[in-house]
Amino acid sequence: MVKERGQKVIASNRKARHDYTILDTYEAGVVLVGTEVKSLRMGRASLVDAFAQVDDGEIWLHALHIPEYVAGTWTNHEVRRKRKLLLHKSEIERLIGKTKESGLSLIPLSMYFKDGYVKVEIALARGKKSYDKRQDLAKRDAQREIQKAHGRALKGRY
C-alpha cells in the first residue's frame, strides 16, 4: 500500500483572520474515529463555529462539524462531538499559560491531510474590536488601489 505524501487542505476558517488577531500558530493532530476520516477524505468539514479549549491538561476541539459518512451504518460518528488535539506537552503547557493569563482564544485556522494524517492548524488569537476590523479593511482597500495604480502606470495608462 502506497503511503500518501504532501498536504491536502480539507477545510479552512477564512473568517478567523478577519475576527481575530493571530499571535501564534500550532500544528496539532486530531483523535478521530473511522467514519470521520472517511467523511474528511470526501472533503466535508466546517470550522466556522469551532474553537479549542483546555480541559484537565488536555486541549479539546469543540463544535467542529464533520458530517456523517454517507455509506456508514449504525457505527457512524456523532457530528459535533468534542475531539482531542494531540500536541507536545511543552506546547500544551505554553497554551494553558497564555489562555489563562491574558484571555487569549484558541481557534482552528485550517484542517488538512499531511502525509496521510489529519492535522489542524490552531492559532493563539485575540479578538478584534469592530474599529480594528474597519481599519484592516481600509488598509487592504488602500493597498489594492496602490497596486492598481502601479499596474496602470507600468502599462502607460494613467
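This passage describes the domain division, strand pairing and largest pocket of a predicted model. Local features were considered at pLDDT of at least 70 and side-chain atom pairs only at pLDDT 80 or more, whereas totals for chains, interfaces and linings use all residues. Residues are numbered from 1 along each chain as its sequence is written, and side-chain values use heavy atoms, with hydrogens and water left out.

The chain is assigned to domain 1 (7-127) and domain 2 (129-157), the bounds being those of an automatic or database domain assignment. The centres of the two domains, taken over C-alpha atoms, lie 33 Å apart.

Strand 7 (residues 117-127) pairs in the antiparallel sense with strand 2 (residues 20-30) over nine bridges, strands being DSSP runs of E with at least two residues, numbered from the N terminus, and pairing requiring at least two DSSP bridges between them. Within this pairing, Asp-24 has Leu-124 of strand 7 as its bridge partner. Strand 6 (residues 105-114) is likewise antiparallel to strand 7, over nine bridges, and Ser-105 stands opposite Ala-125. Strands 6 and 7 form a hairpin with two residues between them, where Asp-115 in the turn has a positive phi of about 50°.

The largest pocket (an open set of points on a 1 Å grid over the protein atoms alone where a 1.4 Å probe fits, with protein on both sides within 12 Å along at least five of seven lines) holds about 160 Å³ of space, the volume being that filled by probe spheres set on the points, which are joined across faces, edges and corners. Its lining, made up of residues with an atom within 4 Å of a point, includes Arg-14, Tyr-20, Val-48 and Ile-107.

Notes
Helices (H or I, at least four residues) and strands (E, at least two) are DSSP runs, numbered from the N terminus.
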